[in-house]
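Student: I should like a close look at one part of this model, the metal site and its surroundings. Please describe it in one connected account.

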Amino acid sequence: MNEQQVRQEMVKWGRSIFERGLTAGSSGNISVKVEDGYLVSPTNSCLGFLDPGRISKLDGAGQLVSGDAPTKELPLHFAFYEKRPTAGAVVHLHSTYATALSCLSDVDPSDAIRPITPYVVMRVGRVPVVPYTRPGSPEIRPLIEKLAGEHAAVLLENHGPVVAGASLDAAVFAIEELEEAAKLSILLRGMPVRMLSPAAIADLDRHFKLK
Ligand SMILES: O=C(CO)COP(=O)(O)O
Ligand SMILES: [Zn+2]
């Protein structure tokens with residue numbers, strides 16, 4: 001895909017995410033790796049109304065080359081790119097159910113989403129909760145770097161989900177799956193849930209390796 005096509009993909013997915021209520025107002029951000037750097041949603045922009053010509057273009061070192069000022073969550077995005085060489089895109093949202101899960105004090109911080117459906121195992125894997133930092137704080141970077149080698153998805157405590165994927169499509173599919181699994185977890189709270197068996201999970205891991 002050339003850079004113009006990536007810009008169009010960011011606009012398309014941003015609009016779709018916003019129109020389905022997966023992030024509100026100017027919350028959330030998207031980045032995509034391109035040949036000579038990164039394309040990033042501008043800070044304080046609404047994902048529903050991205051202008052392809054004003055998307056922030058960064059060089060390989062993360063310096064702004066053109067477009068509007070980038071998201072303040074660059075340290076978050078770069079922590080994933082740094083530790084996951086397979087990452088081609090990173091998506092952060094304030095989607096309701098994943099964010100609700102990030103606020104629950106009795107969630108296991110090493111495994112916030114229990115394996116109740118195959119797709120969450122296939123697309124998302126085990127999801128840790130990262131201790132709270134102020135949105136945009138550089139303090140997030142070392143916290144994510146500790147986890148990003150092993151995990152493609154995390155929940156920011158009291159804030160929301162972040163997912164890395166091999167492509168923008170893959171990252172969006174995964175964050176949507178994470179949101180659905182979080183919704184199911186919350187709907188099923190207090191009910192006698194049957195988990196996927198360890199054998200079923202091992203079988204999924206063998207057939208659908210996460211990138
Ligand atoms: O979700 C957000 C902060 O966590 C939105 O920030 P930006 O508008 O800087 O991308
Ligand atoms: Zn946020």
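Tutor: Histidine 92 is buried, at 1% relative accessible area, where buried means under 20% relative accessible area, exposed over 50%, and partly exposed in between, with a 1.4 Å probe and protein chains only. This is a predicted model, in which local features need pLDDT of at least 70 and side-chain atom pairs count only at pLDDT 80 or more, while totals for chains, interfaces and linings use all residues. Residues are numbered from 1 along each chain as its sequence is written, chains are lettered from A and ligands numbered from 1 in the order in which they are written, and side-chain values use heavy atoms, with hydrogens and water left out.

Histidine 92 belongs to the metal site. The zinc ion (ligand 2) is coordinated by the NE2 atoms of His92, His94 and His159, at 2.0 to 2.1 Å. Donors here are N, O and S atoms within 2.8 Å of the metal (3.2 Å for Na, K and Ca); water is not among the atoms, so sites may look incomplete. Along the sequence, the donor residues follow the spacing H-x1-H-x64-H. Histidine 92 lies in strand β5 (residues 89-92) and histidine 159 in the loop between β7 (153-156) and β8 (160-165), so the pair ties together parts that are 67 residues apart in sequence. Helices (H or I, at least four residues) and strands (E, at least two) are DSSP runs, numbered from the N terminus. Histidine 159 is likewise buried, with a relative accessible area of 9%.

The loop that holds histidine 159 also contains asparagine 158. Phi of asparagine 158 is near 55°, a positive value in a residue other than glycine. Most residues other than glycine have a negative phi. Asparagine 158 counts as partly exposed, at 46% relative accessibility. In strand β5, which holds histidine 92, there is also valine 90, and valine 90 is buried at 0% relative accessible area.

Histidine 92 also leads to the other ligand. An N or O atom in the side chain of histidine 92 is 3.3 Å from an oxygen atom of ligand 1, a polar contact being a pair of N or O atoms within 3.5 Å; within protein, one must be able to donate a hydrogen and the other to accept it, and residues adjacent in sequence count only if both atoms are side-chain atoms. Backbone N or O atoms also approach oxygen atoms of ligand 1: one of lysine 72 at 2.9 Å and one of glycine 28 at 3.0 Å. The protein covers 96% of the 310 Å² of accessible area that ligand 1 has on its own; such areas come from the Shrake-Rupley method with a 1.4 Å probe, and for residues only the protein chains shown count as cover.

Around ligand 1 there are 13 residues, the closest being Asn29, Thr43, Asn44, Thr71 and Glu73; a residue is near a molecule if one of its heavy atoms lies within 4 Å of it. By class, this shell has 1 nonpolar, 10 polar and 2 charged residues. Ala, Val, Leu, Ile, Met, Phe, Trp, Tyr, Cys and Pro count as nonpolar, Asp, Glu, Lys and Arg as charged, and the others, Gly among them, as polar. Asparagine 44 lies in the loop between β2 (37-40) and β3 (56-58), and its phi is near 65°, a positive value in a residue other than glycine. At 59% relative accessibility, asparagine 44 counts as exposed.
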